[in-house]
Number of protein chains: 2
Amino acid sequence: MKNAIIASTSTIHGSGYLEYILEELSLLFKDVETIVFIPYARPSGISHDDYTEIASKAFSKIGKAVIGLHTFTNPKQAIKNAKGIFTGGGNTFVLVNQLYKNNLIDTLKEAINTGTPYLGTSAGSNICGLTVKTTNDMPIVYPPSFNALGVVPFNINPHYLDPDKNSKHMGETRETRIKEFHYYNTQPVVGLREGSWLKVENESIILKGTLKARIFEYNKPPYEISKDTQLNQLN
Amino acid sequence: MKNAIIASTSTIHGSGYLEYILEELSLLFKDVETIVFIPYARPSGISHDDYTEIASKAFSKIGKAVIGLHTFTNPKQAIKNAKGIFTGGGNTFVLVNQLYKNNLIDTLKEAINTGTPYLGTSAGSNICGLTVKTTNDMPIVYPPSFNALGVVPFNINPHYLDPDKNSKHMGETRETRIKEFHYYNTQPVVGLREGSWLKVENESIILKGTLKARIFEYNKPPYEISKDTQLNQLN
């Protein structure tokens, strides 16, 4: 029993925070009045309060209240009691570190696996994979583990970016990085372009949005899938 | 007593492996016949043998032999005995993990600090900072620590990339990432553009190459420095 949206990004170019996906979120959180927001990833280092305010403003447009997880004295209990959960983007290492520190990994996993409606964007989506070893973020803190929630049986690469053929920069392309991942890991990786999301309902995992996604399987050439593709056999 | 080159990249656009810096390397390794190559970072997952072959070809142009560290039964002793050392780029997490696994961190640090001529490129430069928390690489393996060699009293960000003002991609810019680093860490970060390197001689650390570098200090706006700037006071 799962009911989750795993989104590449919170914001697409030229549009407001969560704006592109609000209609979908009305459905995901249709029976939820108040969403517990996990602000731990702190994009650009903003405070938990400021980050919660941003989420709050966006959700007010669809009539939902938002409470920051940092405001609860017992965050474990807050996750257990939550009617809906949203984990925002930012730095995946900071997010995972804080989840481990507060002993929330198993609690959050159980909440999502037992059907609490969940939205993740960017770092909040990364943690839905088996590990966070395919994050794009800078490792600015050292978390106790790279193991993540495993809501889906593969890894996520959010903000997936195609190689820029005109670039003179010699740093690795995203595709090269994910290929390197497969020298040390065997699970598939779903490269989610900005504006795409995975809709997880019970055992179903479907690609949504208008774009294709790029799939990287161990020992196979990468390939594209179209929207509405079912991914529950990918593992 | 140090004698090291910490380079942003091995290869600049439109030029061969190490080609842009070979003249400088002739000087660095002027009294060295055979260079011990640390191939652990395995760019694109290539084998240690194949990677050593690439380094070997480049160094043959200036009359130097290259031996891969992986070919020694006792790598610790090999580092201690080395007359010159080169650590190539690739994945910083893979490199650091292998150095820890083989218990080489302290040995390599001591070799460099006691004057063994050392060249690092990309990941091989990252490890010369205090930590590898400002690498651009994907965390495809989980190393025992992010602490690095501390050859210089700050962190390195190789392949430094200026923000692309025309980009519609919503992923973080390099500058944003380094600013986030400073919410959790206080040491300076030197953003080395491709084609730049730091020349470390005893207590002197000088920016070389034709480009400026970007310096990020804790609680200060980032700023540019010109080539030939002395950085030994940056800490």
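A residue counts as buried when its relative accessible area is under 20%. Keep that cut-off in mind. The model on the screen is predicted.

Let's start with Lys199(B). It lies in strand β8 of chain B, residues 197–201. Is Lys199(B) buried or exposed? Its relative accessible area is 14%, so Lys199(B) is buried. What does Lys199(B) touch, leaving aside neighbours within four places in sequence? The list is Ala4(B), Glu24(B), Ser204(B), Ile205(B), Ile206(B) and Lys208(B).

Now over to chain A, and to its strand β8. Strand β8 there also covers residues 197–201. It is joined to β9(A) by 5 bridges, and the two strands run antiparallel. Look at Lys199(A): its bridge partner in β9(A) is Ile206(A). A word of background here. Strands of a sheet pair through backbone hydrogen bonds, and they do so either parallel or antiparallel.

Let's widen the view to the sheet of chain A. It is an open sheet of 7 strands. Read the order with me: β3-β2-β4-β5-β1-β8-β9. The pairing is mixed. Which strands sit at the edges? They are β3 (65–68) and β9 (204–208) of chain A, and each pairs on one side only. On average, neighbouring strands in this sheet are turned by 20° against each other, direction ignored.

A helix lies across part of that sheet. Helix α2 of chain A, residues 48–60, lies across β2, β3, β4 and β5 of chain A. Its angle to β3(A) is about 165°.

Back to chain B, and to Ile38(B). You will find Ile38(B) in strand β2, residues 34–38. Its relative accessible area is 0%, so Ile38(B) is buried. Who touches Ile38(B), not counting residues up to four places away in sequence? The contacts are Leu69(B), Ile79(B), Ile85(B), Phe86(B), Thr87(B), Gly88(B), Leu95(B), Leu99(B) and Leu108(B). One distance to note: Ile38(B) and Ala55(B) are 17 residues apart in sequence, and their C-alpha atoms are 9.9 Å apart in space.

Leu108(B) takes us to the next helix. Leu108(B) is one of the buried residues of helix α5 in chain B, residues 105–113. The others are Ile105(B), Thr107(B), Ala111(B) and Ile112(B). What covers them? The cover includes strands β1, β2, β4 and β5 of chain B, along with helices α3 and α4. After α5(B) comes Gly115(B), with a positive phi near 100°.

Positive phi turns up in chain A too, in residues other than glycine. Take Leu18(A), with phi near 65°. Leu18(A) is in the loop between β1 and α1 of chain A. Then take Asn219(A), with phi near 60°. Asn219(A) is in the loop between β10 and β11 of chain A. Which of the labels, buried or exposed, does each one get? Leu18(A) has 0% relative accessibility, so it counts as buried. Asn219(A) has 68%, and exposed means over 50%, so Asn219(A) counts as exposed.

Last stop: empty space. Rolling a probe the size of a water molecule over the atoms shows where empty space is left. How many cavities of 30 Å³ or more are there? The count is 1. Its volume is about 40 Å³. Both chains line this cavity. Chain A gives Glu172(A), Arg177(A) and Glu180(A). Chain B gives Gly90(B), Asn91(B), Asp137(B), Met138(B) and Ile140(B). By type, the lining has 2 nonpolar, 2 polar and 4 charged residues.

Note on methods
Residues are numbered from 1 along each chain as its sequence is written. Chains are lettered from A and ligands numbered from 1 in the order in which they are written. This is a predicted model: local features need pLDDT of at least 70, side-chain atom pairs count only at pLDDT 80 or more; totals for chains, interfaces and linings use all residues. Side-chain values use heavy atoms; hydrogens and water are left out. On a 1 Å grid over the protein atoms alone, a cavity is a set of points where a 1.4 Å probe fits but cannot get out, and a pocket is an open set with protein on both sides within 12 Å along at least five of seven lines; lining residues have an atom within 4 Å of a point. Grid points are joined across faces, edges and corners, and a volume is the space filled by probe spheres set on the points. Ala, Val, Leu, Ile, Met, Phe, Trp, Tyr, Cys and Pro count as nonpolar, Asp, Glu, Lys and Arg as charged, and the others, Gly among them, as polar. Helices (H or I, at least four residues) and strands (E, at least two) are DSSP runs, numbered from the N terminus. Buried means under 20% relative accessible area, exposed over 50%, partly exposed in between (1.4 Å probe, protein chains only). Two strands pair if DSSP finds at least two bridges between them. Axes are lines fitted to C-alpha atoms, for helices over the stretch in contact, and angles run from 0 to 180 degrees between N-to-C directions. Contact means heavy atoms within 4.5 Å.
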